[in-house]
Amino acid sequence: MKDSPAQILQQLLSIWKQLGLNQRVTMVVAGLALVAGLVGIAVWSNRTDYALLYGRLEEAEAAKVVAALDDAKVPYQISRAGGSILVPADKVHLMRMQLAAKGIPRAGDGVGFEIFDKPAFGISDFVQRANYLRAVQGELARTIGQVDSIESARVMIVMPENRLLVDNTRKPTASVFVRVRGNATLPPQTVNAIRFLVANSVEGLQANFVSVVDNQGNVLSENSDENSLAGMTTTQLGARKELEHYLAKKAEGMLEKVLGPGQAVVRVSADINFDSQTRTEEKFDPEGQVIRTTTLNDENTDTTTTTPNAGVPGVTVNANAETNSPTSNLTANRTNTRKKVANTQFEINKSTSSLTQTAGGLKRVSAAVFVAARMTTTATNRVANPRSPEELLKLKHIVQSALGIQEGGDAQRLDEITLEEMPFNDQQAVELTDKLDKDERKQFWIGLGTKLIYPVLGLAILGLFWRTFQKTPMENIPLGIPIGDFATAGAESKANGHLENGKSPLPGGIVTVDVLNQLIRDNPNNMAQAIRSWMNRSKSK
């Protein structure tokens, strides 16, 4: 028959009274630890898991989001910086859709071409142009804001006014303000991409008239005309730097394949010819005459003239002449003229050549190459092991081939390569490597200790309990009702009618064989402990 709760409580109180001070403290601490663990597990399992709703919001937009969450009675958390808002993870997507339907939060990039979605009648041309300019600025700001390293952007475009007289000196300009994530700086490639994006989106705008400024106040680009001296100088300097960097990395890459990473340093200086020339030559060859044109003029003239006869006037003349003939006194004269003219024109042999030389040719290339000396470690320190001249000559030929310098080539360029073997000062790198190794080992042991602290603490508590249990005498560990109380327990059980046949298990406090058998059947554990207690007491006596 099972014991009632009152009997169980009485047995526990009896056990508590027989425990020592150390045992009571241990039991209390273990109970409190168990209760605290259960409470922690319950709180941890019932806590709300929050997820990010919006991040990096402006204060005005964050206030609108918080007001909307309060109206929807949705719990939320705000980060210390105030720019991030967290809500329960199961409501993130639902709240984003509901807030998007209300237009919250509003993007700070301005309005785009949706400004023309609603028809507007009766507006002036000035307002229409202003709206179009706003739309272009908003679309450009949204596009620039999609770049990974840019958080937000604003674009301002200045267009010249439409006038009757066109002024070619007035050109459109643009300014771009970008907010960079963290404290990073935009690389030149990104800045140039932004400038060309804005320039190609606005009619008549050139890329060099687009200024880019970041949120730290740094001017990332300058307005300089490419045809001006400043613009040409900047362009030439940039081209030279890129060429020198390309040649240096090319040579270093080949040396690192032979020597290893970090074992060679190459610096290149390149002189570029930025002059553009156009040369035209004409050569004449007097010996090589060529007939150009031939003109032949042949004239034939035949003329006849008549003159009267000459003589002394008198009888003879008049007698001999026939007065009735009209030509009797005339004389005929005939003239025949022939002229032939030939005109031949010769052309002198001429050759014309035109040569155009563009900018970008190399005038001179010089390279400085440092090769790390091979170091051998001895018992005391490190000793440099120099390379042979043949090895250094091979390395020089490698650099020479990488830079495109031909041995014994153009004498006017005067290319030069200086290669020296020197021991590198790698003490700082070695110290940094050792420090990183120590930090890595420290973090490893800290992480391992963090993972093992709870199992070790549990094993320590278990060991403390086991040690305390071993040091406690067996007779002081109450596992049931003491033997001396059997008679009293029997009497109380008889009074309550718990014993069969109304017999007391300990009549007069004497344990009989039948009573002992009944006790063993009812509670074998308590009887085994009672027998040990009797044996220990008999030995002590």
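## Close-up views of two sheets and their helices

**View A. What comes right after helix 4?** Helix 4 is followed by G103, and the phi of G103 is positive, near 75°. Keep in mind that this is a predicted model, with an average pLDDT of 75 for the protein chain. Of the residues, 75% score at least 70.

**View B. Helix 4 has a buried side and an exposed side.** Pick out V92, M95 and L99 here: these are the buried residues of helix 4. Looking down the helix axis, you'd find them within an arc of 70°, so they line one face of helix 4. Flip to the other side and you get H93, M97, A100 and A101, which are exposed. As for what the buried residues pack against, that's strand 1, helix 3 and strand 3.

**View C. Three strands make an open sheet in the order 1-3-2.** The pairing in this sheet is antiparallel. Strand 1 (50–54) and strand 2 (77–78) sit at the edges, each pairing on one side only. Between strand 2 and strand 3 (residues 85–88) there are two bridges, and this pair runs antiparallel. If you want one contact point to zoom in on, try Q77, whose bridge partner in strand 3 is L86.

**View D. Helix 3 and helix 4 both pack on the 1-3-2 sheet.** Helix 3 (residues 59–72) touches strand 1, strand 2 and strand 3, and its direction makes about 20° with that of strand 3. Helix 4 (residues 92–101) touches strand 1 and strand 3; here the angle is about 20° with the direction of strand 1.

**View E. Another open sheet of three strands goes 7-10-13.** This one has mixed pairing. Its edge strands are strand 7 (264–273) and strand 13 (416–422), and each of them pairs on one side only. On average, neighbouring strands of this sheet are turned by 10° against each other, ignoring direction. Strand 7 and strand 10 (residues 361–372) run antiparallel and are joined by 10 bridges. Among the residues to look for is S269, with S366 as its bridge partner in strand 10.

**View F. Helix 9 lies across two strands, strand 10 and strand 13.** This helix covers residues 389–402 and runs at about 135° to strand 13.

**View G. Where does pLDDT stay under 50?** That happens over residues 478–509. For this stretch, the model has 31 contacts beyond four places in sequence.

Note on methods. Residues numbered from 1 in each chain as written. Predicted model: local features only at pLDDT ≥ 70, side-chain atom pairs only at ≥ 80, totals over all residues. Heavy atoms only, no water. Pairing = 2+ DSSP bridges. Helix = DSSP H or I, 4+ residues; strand = E, 2+ residues; numbered from the N terminus. Contact = heavy atoms within 4.5 Å. Axes fitted to C-alpha atoms, helices over the stretch in contact; angles between N-to-C directions. pLDDT = per-residue confidence, 0-100. Buried < 20%, exposed > 50% of the residue type's maximum accessible area, 1.4 Å probe, protein only. Arc of directions from axis to C-beta.
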